[in-house]
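Open the structure in your viewer and keep the selection tool at hand. The tour moves from one selection to the next and says what is found at each stop.

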Amino acid sequence: MGLLIGMDEAGYGPNLGPLVITASLWKVPGDPREFDFWQALQSVVSQKKPSKNGGLLHVADSKEVHSSSAGLAPLEKSTLPFLQLFNGEAKLDSLESLWQLLIAAPEHLDAIHKQPWNCNGGFSLPTAVESETVQASQRDLKAALDAVGVELRAFCSEIVLPERFNNLCAEYGTKGVMLTRLCMQLLTRVWDRTSTESTLIIGDKHGGRNRYDEYLDEILDGEMIFRVEESTAKSIYKVGKTEVRFQTKAEAHFPVAVSSMVCKYTREVMMERFNQFWSQHVPDLKPTKGYPVDARRFKDEIAAAQERLEIPDQILWRGR
């Protein structure tokens, strides 16, 4: 048996809305460096778009699964079965239940609840597909995973709101260092360093960063870190029986792709709730995804309502 952790983020660049980082933990038969998820699960998942995959779950980089023109349905259809599988018998039927499932730190959940647009977490899920469709896909997915001896053991997410985002950027000096340190902290919640099983951790590279050993060292208890490779394509380290990789196009690995989709889905649903809130206070307001230029347009259009509602910039706007 081996363990595999895939990690990715969504929402690093916008001025509005959360940054979401997710790690997923999987138990696989044999050596995790050799296990082929795509081959093992070809009866239920595909890296190809729906028109070519015969109705299978589309699992890939979230940028490929989701598009603004298609709406939330394709991403929701492929992501919710994984989330529901991890949630077990409990229903995943609201934004609140999604937060409860993903967030490990109670204080971060409290911060989400305090935002005016999040104070009612009763926003219903799914938003664009039928619950029966999700349930059927979840049953097929579980059967396929069981048949090949794979177990989804954990999803864990950092949902970083603007105020915390700004504070961490100020504390760490740069946005890039903030992302790397948050990823390392998230790893501590899913990486069992006492495990005797062979473990592989894969994450997407953080911009132009090639060195990660000093940040790994911050979360380890003096364990020796062996640098295997550091290049523009990948950075690889060994810590005991664990191999840690940060590489470009990491979403080609199934666990990273699933984590990418969970990040994107969580952010998109939260942005839908955010847009609904502001549309209740500003007539004919065009929704935003929160990215630069359009975020400024949106902020200008809500300015009067923001002042009337006494909502400070510190909980709304990301400065970097």
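Begin by selecting α6, which supplies the largest share of the lining of the second largest pocket, namely five residues. Bear in mind throughout that the model is a predicted one.

**The second largest pocket**

Keep α6 (106–114) shown and add β5 and α8, since each of these elements supplies at least two residues of that pocket's lining. The space in the second largest pocket comes to about 250 Å³. To find its centre, select H108, A111, L161, E163 and R164, which are the closest to that point among the 14 lining residues. Colouring the lining by residue class would show six nonpolar, three polar and five charged residues.

**Helix α8**

Now select α8 alone, residues 162–172, and pick out P162, F165, L168, C169 and Y172, which are its buried residues. Why do they lie on the same side of α8? They cover an arc of only 130 degrees around the helix axis, which puts them on one and the same side. As a general point, an α-helix has 3.6 residues a turn, so residues three or four places apart point the same way. Turn the view to the face directed away from the buried side, and the exposed residues A170 and E171 come up there. To see what covers the buried residues, add β2 (19–28), β5 (151–160) and α9 (175–190), which are included in that cover. Then step just past the end of α8 to G173, whose phi is positive, at about 100 degrees.

**The nonpolar cores**

Next select V59, F82, L83 and F254, the residues with the most contacts inside the largest nonpolar core, which has 55 residues. Helix α11, residues 254–279, gives the most to this core, with ten residues. Apart from it lies another core, of 35 residues, and L168 and C169 are among its members, as are M7 and A154. Going back to V59, display its contacts beyond four places in sequence: this residue touches W38, V45, S46, Q47, F82, F254, A257, V258 and M261.

**The largest pocket**

For the last stop, move to the largest pocket, with a volume of about 310 Å³. Select Q84, A90, K91, L92 and Q135, which are the closest to its centre of the 16 residues that line it. The elements giving two or more residues to this lining are α4 (73–87) and α7 (131–148), and α7 gives the most, with five. By class, the lining of the largest pocket divides into seven nonpolar, five polar and four charged residues.

Key
Residues numbered from 1 in each chain as written. Predicted model: local features only at pLDDT ≥ 70, side-chain atom pairs only at ≥ 80, totals over all residues. Heavy atoms only, no water. Buried < 20%, exposed > 50% of the residue type's maximum accessible area, 1.4 Å probe, protein only. Helix = DSSP H or I, 4+ residues; strand = E, 2+ residues; numbered from the N terminus. Arc of directions from axis to C-beta. Contact = heavy atoms within 4.5 Å. 1 Å grid on protein atoms, 1.4 Å probe; cavity = no way out; pocket = protein on both sides within 12 Å on 5 of 7 lines; lining within 4 Å. Points joined across faces, edges and corners; volume = space filled by probe spheres on them. Nonpolar A, V, L, I, M, F, W, Y, C, P; charged D, E, K, R; others polar. Core = buried A, V, L, I, M, F, W, Y, C linked by side-chain atoms within 4.5 Å.
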